[in-house]
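Reader: Please take me through this model, starting with a close look at a single part. Then work outward until I have the whole picture. Keep it brisk.

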Amino acid sequence: MSTAATASTLKGARLPKWSPYAIAAGSVALGLGISFAAGLESSIQWALIAGLLFVLGTYVIAARVEGRRQAKDRIATSLVWVAFLLAVVPLVSLVWSTVSRGLKVLDFYFLSHSMGLVADSEPGGGIYHAILGSLEQVALATVIAAPIGVLTAIYLVEYGRGRLAKAVTFFVDVMTGIPSIVAGLFILSIMLMFDMEPFGFAGSLALAILMMPVVVRSTEEMLKLVPNELREASLALGIPKWRTILKVVIPTSIGGITTGIMLAVARIAGETAPVLLLVWGNSLINANPFEGAQQSLPLYIYQQYANSAGAGAAYDRAWAASLTLIAFVMILNLVARGIARWKAPKTGR
Amino acid sequence: MAKRIDVSGLTAYYGSHKAIEDISMTVEPRSVTAFIGPSGCGKSTFLRTLNRMHEVTSGGRVEGKVLLDDEDLYGQGIDPVSVRREVGMVFQRPNPFPTMSIFDNVAAGLRLNGSYKKSELTDVVEKSLKGANLWNEVKDRLNKPGSGLSGGQQQRLCIARAIAVEPKVLLMDEPCSALDPISTLAIEDLIGELKERFTIVIVTHNMQQAARVSDRTAFFNLAAVGQPGKLIEIDETERIFSNPSVQATEDYISGRFG
């Protein structure tokens, strides 16, 4: 038996499974050591040094033990990891600072009371009026923008031919690039023509302008994903085109369409500039979006921060409102994912 | 019930490209007609002109006449939707509606064409699934999604869906090319049964299949790539496979083509 004597041509030297972790730990230690020795104080610096050492170390070690091809493979893997960490660090630190500072004053009282007559520099008060205003303005904007956006996308994908479709696509692209302040100014100019006071619905109109192109784009992509075979199968049954779209195309893509709308809602929920111009802000509860100034969450955050002249209580409220806004957007995203999963075409047996 | 198709001088285009040229033939009611020929020769295009599905493709247009029992499908005032209710179609790849259950898939044609009572629908669905030899396999799971069936079952589901609206003619575009031999056999048997009630036209690349299922066979060919496809000959299947009148047909059938 000479199995031991014949070396396998398929086997090569391999680094042990734990080696990437060991190299990572080593480069972190080395990075800390170097920055300590050099007297660098910023934590960004040692992390960058560690990242660089990790990529280089992986390459050198892998090249010596495993060979050049495997080393290239490992350098790609380690670059992806470093890039991932670089992307995640700001996110985690943002969430961490918002949560840690926002929880200070966030309680049921804060969520269920308005600012009322509490001065910006004093503690107390809440964001009930801002939540109410945000919900109403965003809901009205969605009611306007979602149907128009979805119908436009249906036109573009199912019917659009020739010049009109190209023009619509072009203007949707242009709309995507409209800065939110410009949308606000556009509505403001109309308001000034009719001598109107700020009110919530004006903000909704500006938000709808910002939301529409996002809905059109995402819905368009979702409708394009519906296989043509399904449309043909339906048409071949003698089903009219409009019913084919309504009963076959849209149900097949409804999950993606709702996700797109929810993401667009999340986007406009954080808009401040048009709301500042058109809704004005209000420290009292105003449940009527069609008359009088209203409050909204992003505007509340801005005003607490800008008008308080460094008062700690106002900063705390701004952070707590930020946390509420992030939570609101998170919940919307989760709902969207839930709907997408629930409505996705089923494949079970 | 089944209707006769008379095609005369039919030419179809994709934009400026002429896909098939000057095709004339008669398809007898209650018979199976098979179309054979090399890829790209326009068999499928021709099939799709028979229920006005050709014009669904962008740039698709047609010249010539297609008579369905003396009524021109391309005549003035003809509604393509009504044409497709009379001339049903089964596609190459099984394409059940993914959001619908097996029951809803079969009922789709009726339900989306107008209002039907639940009891009527149940009857039609059972009859159609039995007609497609699928009833015994799915009767206990009519509410499960259609996409959970095997490929062969899905294709029979599509046939059930097509015959549920009681068309006069059934067009099949390579219905077995994505299926294994056992499912193919099941569908070929089904074609034999369906021809009692419908006029059937089937496109196939499988010459044994054409020989097995069809009464008449049409051979299509194209002079060169980029040239329009033409009908070379149409005759009794036995004649085509034993003693065709055109040399090109014999070459194609005996595998001496190209």
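Author: Start with Thr122(B). It counts as partly exposed, because 14 C-beta neighbours lie inside 10 Å. The cut-offs make the reasoning plain: 20 or more neighbours would make a residue buried, and 12 or fewer would make it exposed. A count of 14 for Thr122(B) falls in between, so the label is partly exposed. One caution belongs here: the model is predicted.

Where does Thr122(B) sit? Its place is in helix H4 of chain B, which covers residues 118-131. Now look back along the chain to Phe103(B). Thr122(B) and Phe103(B) are 19 residues apart in sequence. Their C-alpha atoms are separated by 8.3 Å.

Set a second residue of chain B beside it. Arg141(B) lies in a loop, the one between helix H5 (135-138) and helix H6 (151-164). Is Arg141(B) buried, exposed or partly exposed? Arg141(B) counts as partly exposed, because it has 14 C-beta neighbours inside 10 Å. Its sequence partner for our purpose is Ile163(B), 22 residues away along the chain. Here the C-alpha atoms are separated by 20 Å. For Thr122(B) and Phe103(B), the figure was 8.3 Å.

Step back to the whole of chain B. It has ten helices and ten strands. Its radius of gyration is 18 Å, close to the 18 Å that the globule rule gives for 258 residues, so chain B is as compact as a globular protein of that length. The C-alpha trace spans about 55 × 45 × 30 Å along the principal axes. Of the 258 residues, 47% count as buried. Take the contacts in chain B with a separation of 6 or more: 69% of them join residues 24 or more positions apart.

Next, the partner chain. Chain A has 13 helices and zero strands. Read from the N terminus, its elements are α throughout. Its radius of gyration is 28 Å, where a compact globule of 349 residues would have one near 20 Å. The C-alpha atoms fill a box of roughly 95 × 70 × 40 Å along the principal axes. Buried residues make up 36% of the 349. Among contacts in chain A with a separation of 6 or more, 72% are between residues 24 or more positions apart.

The domain assignment splits chain A into domain 1 (19-100) and domain 2 (112-343). How far apart are the C-alpha centres of the two domains? They lie 39 Å apart.

One helix of chain A deserves a pause. H8(A) runs over residues 200-225, 26 residues in total. From first C-alpha to last it reaches 37 Å, close to the expected 38 Å. H8(A) has a kink of about 30 degrees at Met211(A). The proline Pro213(A) follows shortly after that kink. H8(A) is mostly covered, with 22 of its 26 residues buried.

Finally, bring the chains together. In the contact between them, 20 residues of chain A meet 26 residues of chain B. On the chain A side, helix H9 (228-236) and helix H10 (241-269) each supply at least two residues. H9(A) gives the largest share, six residues. By type, the touching side of chain A divides into ten nonpolar, four polar and six charged residues.

Terms used. Residues are numbered from 1 along each chain as its sequence is written. Chains are lettered from A and ligands numbered from 1 in the order in which they are written. This is a predicted model: local features need pLDDT of at least 70, side-chain atom pairs count only at pLDDT 80 or more; totals for chains, interfaces and linings use all residues. Two residues are in contact if their C-beta atoms, placed from the backbone, lie within 7 Å. Helices (H or I, at least four residues) and strands (E, at least two) are DSSP runs, numbered from the N terminus. Ala, Val, Leu, Ile, Met, Phe, Trp, Tyr, Cys and Pro count as nonpolar, Asp, Glu, Lys and Arg as charged, and the others, Gly among them, as polar. The expected span of a helix is 1.5 Å times one less than its number of residues. The bend at a residue is the angle between axes fitted to the seven residues ending there and the seven starting there. The radius of gyration is taken over C-alpha atoms; the globule rule is 2.2 Å times the number of residues to the power 0.38. Domain bounds come from an automatic or database domain assignment.
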